[in-house]
Amino acid sequence: MIPTVRDIDIAGKQVFIRCDFNVPTDEFGNISDDRRIRAALNTIRYCLDHDCSLVLASHFKRPTPGKFEEKYSLKPVAKRLQSLLKKEVIMAKDVVGEDAMSKASNLKSGDILLLENLRFEPGETKNDIEFAKKLKKMGEIYVNDAFGASHRKHASIYALPKLYPKGKRAGGFLLSKEINFFYKIVQNPTRPFVAVVGGSKVSGKLQALINLINVVDKLIIGGGMAFTFLKAQGYEVGKSLVEDDLIEDAKKIMKKALEKNVKFYLPVDVVVAPEISDNVPIKFLPIQEIPKDWMGLDIGPATSRLFREAINDAQTILWNGPMGVFEIDKFSKGSIKMSHYISESHATTIVGGGDTADVVARAGDVDEMTFISTGGGASLELLEGKKLPGIEVLEVDKLVEETAQ
Ligand code: AMP
């Protein structure tokens, strides 16, 4: 377990919070989805209520390291945060430069400073200790609330917390909530535990599937990855997405499911089209009948019904990956229906992955889910059974004592 802000003494101190403000923006640079900013508010408010001054830091997309570029500035985030908190957020002009340092050293209790995009500094992605030492000057306490970045060994996630002794570093509420859902529910779920996995490729989720097969009661596969499994079963899948090099792995997973008595579900019908486009004819066909030059781009209505039946008795449902090319309306029905079915169930429902969270938002089911993860890559690594560097560094005392300087 990691200590949270509640477990350490933060009263009146200057707290450095590593947030994940890596929000999506539209073509005009407007924030199109501020869930990640909202998700950080609990920890921020808790610290403000304890008379802290705050230094907030985050990365934002992928700027060229070492170069300031206006389009990667966190200024729009400062504005959104300000309106959400109804409180001034001071924006630094740099990350660890003169402006940030002087503003950080003049903060009073209740003040909030947001540093510029951490990735403007080359030291961030290199996990550079010298850069971390500069960041440390700005906070007496270190808090990691950036779950979505905790699978990366970057300076603000990994090198920096190592510089803080026990009692001066902790996880924020968002981080601990994510850990709670992913670690605990996957390790000790209320059964039946059903995993619904979709998305484009098997390769991206192979390790997660291998890990999940050991813990679930049912595994439901949809999306593009289903076709590698269907081909492994001998079906002709036309031009559908198939990873031929993973057919053997797909067979192994299905064999293991059988051995472990895990019920395994694949689509029985699909929505097919000649190509991925809005302007093409579509057909609803059983998987036995996919034409040679067509591709499967969504699960069909019979599959939706089958999957609904399969999750009917679930007590815990984990969903990662859309059932089809949901970005295009005519291929989004299977994913939208899946979202409705999962949200209507009486199970504890956990949604992971940015695309899946988008489907749930589009379906209008956000409030109906038990928990929607803010970190796609990070939640997948937890499902793979990996320890995330940003979490490990908060829980392992020895590691910290050894390297603290
Ligand atoms: P992932 O990042 O692996 O979770 O995959 C998400 C992507 O998978 C989305 O952009 C979907 O458009 C895509 N996808 C889902 N189903 C299919 C399919 N049948 N064929 C091709 N791409 C798909």
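1. How many Å separate the centres of domain 1 and domain 2, taken over C-alpha atoms? The answer is 35 Å. This is a predicted model, and the remarks below concern how its two domains meet.

2. The domain assignment splits the protein chain into domain 1, residues 5-176, and domain 2, residues 189-383. Eight residues from domain 1 and twelve residues from domain 2 take part in the contact.

3. Between them, domain 1 and domain 2 bury about 760 Å². Carbon and sulfur atoms account for 61% of that area. On the side of domain 1, the residues that lose the most area to domain 2 are Arg35, Phe147 and His151. Together these three make up 70% of what that side buries.

4. One salt bridge is found across the interface of domain 1 and domain 2. Arg35 also appears in a salt bridge, with Asp358 as its partner. The closest N and O atoms of Arg35 and Asp358 are 3.4 Å apart, which lies within the 4 Å limit used for a salt bridge. Arg35 thus turns up twice in this note: among the residues of domain 1 that lose the most area, and in the salt bridge with Asp358.

5. Two residue pairs are in polar contact across the interface of domain 1 and domain 2. Helix α1, which covers residues 35-39, gives the most to the side of domain 1 that touches domain 2, namely three residues.

6. What is the make-up, by class, of the side of domain 1 that touches domain 2? That side has three nonpolar residues, two polar residues and three charged residues.

Methods
Residues are numbered from 1 along each chain as its sequence is written. This is a predicted model: local features need pLDDT of at least 70, side-chain atom pairs count only at pLDDT 80 or more; totals for chains, interfaces and linings use all residues. Side-chain values use heavy atoms; hydrogens and water are left out. Domain bounds come from an automatic or database domain assignment. Contact means heavy atoms within 4.5 Å. Buried area is the accessible area (1.4 Å probe) that two parts lose on being put together, summed over both. A salt bridge is a side-chain nitrogen of Lys or Arg within 4 Å of a carboxyl oxygen of Asp or Glu. A polar contact is a pair of N or O atoms within 3.5 Å; within protein, one must be able to donate a hydrogen and the other to accept it, and residues adjacent in sequence count only if both atoms are side-chain atoms. Helices (H or I, at least four residues) and strands (E, at least two) are DSSP runs, numbered from the N terminus. Ala, Val, Leu, Ile, Met, Phe, Trp, Tyr, Cys and Pro count as nonpolar, Asp, Glu, Lys and Arg as charged, and the others, Gly among them, as polar.
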